[in-house]
Amino acid sequence: MKTLFTSNAPKLSIQLMKPTLVMALILCFFSTSFMNLDAQNTASKSANNVQESLLKGIVADENGPLLGVNILLKGTTTGTFTDEKGAFTFPKALKQGDVLVFSFVGYDTKEIKLVGNLTMLKVEMTSDLNEILGTVDTNTPYKSKRSKRRN
Amino acid sequence: MTYLRYIIVLFAVWQTNAQRSDFNHIDFKKADSIALSYSNETLHNLPDLTSKLTANLETEVEQFRAIYFWVCHNISNDYSWYLKNKRKRERFKDDLDQLNSWNEQSRSRILKNMLNKKRTICTGYAYLVKKLATLANIECEIVDGFGRTSMIDVDKLTTPNHSWNAVKIDNKWYLCDPTWASGIPNPETQKFMFYYNDGFYLANPKLFAINHFPADEKWLLMDQNAPTFKDFIDAPVVYGKAYTNLNGHEAPKKMHHDVRKYETITFKYELAKSVEADDITFEIDDGYRNKKIHPKTTHQEDSSLTVQYQFDTTGFYDVHLFIGEDRISTYTFNVKG
């Protein structure tokens, strides 16, 4: 089994975590052997390409990890948030073709389509709020500044 | 090029009068009550918030309405931060490095306050409206530009100071101002208070242009009669209540006037709803005292209101138009003998 990932999302960087990969391969090997005991289950799983482990990941911007980024499985309400290290574990096993939506106040919403058997995802968010302006409305009446001459 | 020009003109003509009355057949009660029922929602899960606000609404205009209404009723204005931001921006206006560094600093504070306290200044309002609308597949833009109130010194209005939204509904662009719709500073404490003004929702572009001038003029959404920046600077002060009472402010086009005693001054407005002649008053301030008068000549035809006035004494006057209790606009008159 080959771990493979690609993405359509722009500016996405996925880092391959070597120890995790080795772990995943070992896990795959074992789980495949165990799952042979339940042939039907294995068949349906491989048909949908359901991941054997929960997807983990890190979300950051150019300054470092982001706390509180929302991650949703598109079209559902299943999701999670990143912790103070920017890390998350998606609570549900995902399958090929699933789309994750990363959203956070101040950053472009990012959609990532899962291809292959992803175990580790690194997502960089780009800010979409740059210039900050502000004026408030008021009911305070306009009052002319009057010179002494006018008075 | 010629083709392009035709297309631009056509586009502009087609855009005229993109305003709320296009949706008179729609009752926004359902959208408004959905928005109010989610007052306890936070900004931590924007896709979820968007779907809660829009899932049970059929039309684009109602979906956008629920988003806009939610933002206007749940995001408070960080008034003290606004004052600080204004000072800094004025100080750094000629120093791009300083301005950028200030923007970077304020950006992280603004995001934190928006997320954790649901508090922001206007770019934050416009930003949230855009963000939620985009998640609902409604095309929406932040428009940066110049906003003008009674407290703004127009001589100092040299850099953009305000942000609002343009939104595309049923293939047509409309304007709205969620910041000004959400509330005003309390006149006594100067602290922000929620005081929703429905007039800023899909406002008439002609009225909107009197106190909103976009940095990119295409967002005036007007044809070749579009005002210039000078027209905007010269225009009278109009208040939030103008938006609930008027569809247009036709005359006078200027704030400051030199007139003669007994010269007839004509005021002309497009009304949003008909008014009683008794409801129209001028508050006239000569610097010492205020007096309220009913102008002798008022004329109403369909939605058009004409008011005429003559000064019978010389002096310098601030004139405020009221409809009922609502302060609509202010002009000054220097009356000579």
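Between which two elements of chain B does the loop with B:Leu202 lie? Hold that thought for Exercise 1. First, the ground rules: this is a predicted model, where local features need pLDDT of at least 70 and side-chain atom pairs count only at pLDDT 80 or more, while totals for chains, interfaces and linings use all residues. Residues are numbered from 1 along each chain as its sequence is written, and chains are lettered from A and ligands numbered from 1 in the order in which they are written.

**Exercise 1. Place B:Leu202 and B:Asn171, and say for each whether it is buried or exposed.**

Step 1: Find the loops. B:Leu202 sits between β7 (192–194) and α9 of chain B. B:Asn171 belongs to the loop between β4 and β5 of chain B. Helices here are DSSP runs of H or I with at least four residues, strands are runs of E with at least two, and both are numbered from the N terminus.

Step 2: Check phi. B:Leu202 comes out near 50 degrees, a positive value in a residue other than glycine. B:Asn171 has a positive phi as well, near 65 degrees, and is not a glycine either.

Step 3: Count neighbours. Place C-beta atoms from the backbone; a residue with 20 or more others within 10 Å of its own is buried, one with 12 or fewer is exposed, and anything in between is partly exposed. B:Leu202 has 24 C-beta neighbours inside 10 Å, so it counts as buried. B:Asn171 has 8 other C-beta atoms within 10 Å, so it is exposed.

**Exercise 2. Work out the strand order of the open sheet in chain B and find its edges.**

Step 1: Get the order. Four strands run β5-β4-β3-β8, with antiparallel pairing. Pairing means that DSSP finds at least two bridges between the strands.

Step 2: Spot the edges. β5 (172–176) and β8 (212–214) of chain B have a single partner strand each, so each has one side without a neighbour in the sheet. From one strand to the next, the twist averages 45 degrees. For that, axes are lines fitted to C-alpha atoms (for helices, over the stretch in contact), and angles between N-to-C directions run from 0 to 180 degrees.

Step 3: Go through the pairs.
- β3(B) and β4(B) are antiparallel over six bridges; B:Asp144 is partnered by B:Ser163 in β4(B).
- β4(B) and β5(B) are antiparallel over five bridges; B:Val167 is partnered by B:Tyr174 in β5(B).
- β3 (residues 140–147) of chain B meets β8(B) through three bridges; B:Gly145 is partnered by B:Pro214 in β8(B).

Step 4: Look at the turn and the cover. β4(B) and β5(B) make a hairpin with two residues between them, and B:Asp170 in the turn has a positive phi of about 45 degrees. β4 (residues 162–169) of chain B has seven of its eight residues buried.

**Exercise 3. Say which residues of α2 in chain B are buried and what they pack against.**

Step 1: In α2 (residues 29–37) of chain B, the buried ones are B:Ala31, B:Ile34 and B:Ala35. Down the axis of α2(B) they fall within an arc of 100 degrees, so they line one face of the helix. The arc is taken over the directions from the helix axis to the C-beta atoms.

Step 2: Turn to the face away from the buried side, and you'll find the exposed B:Lys29, B:Ser33 and B:Ser37.

Step 3: The packing partners of the buried residues are α3 (46–54) and α4 (60–74) of chain B.

**Exercise 4. Describe how chain B touches chain A.**

Step 1: Two residues are in contact if their C-beta atoms, placed from the backbone, lie within 7 Å. The contact takes 46 residues from chain B and 29 from chain A.

Step 2: On the chain B side, α6 (residues 96–117) gives the largest share, seven residues. By class, that side holds 22 nonpolar, 19 polar and five charged residues. Here Ala, Val, Leu, Ile, Met, Phe, Trp, Tyr, Cys and Pro are nonpolar, Asp, Glu, Lys and Arg are charged, and the others, Gly among them, are polar.

Step 3: For the partner, chain A has two helices and eight strands, in the pattern α-α-β-β-β-β-β-β-β-β. Buried residues are 26% of its 151.
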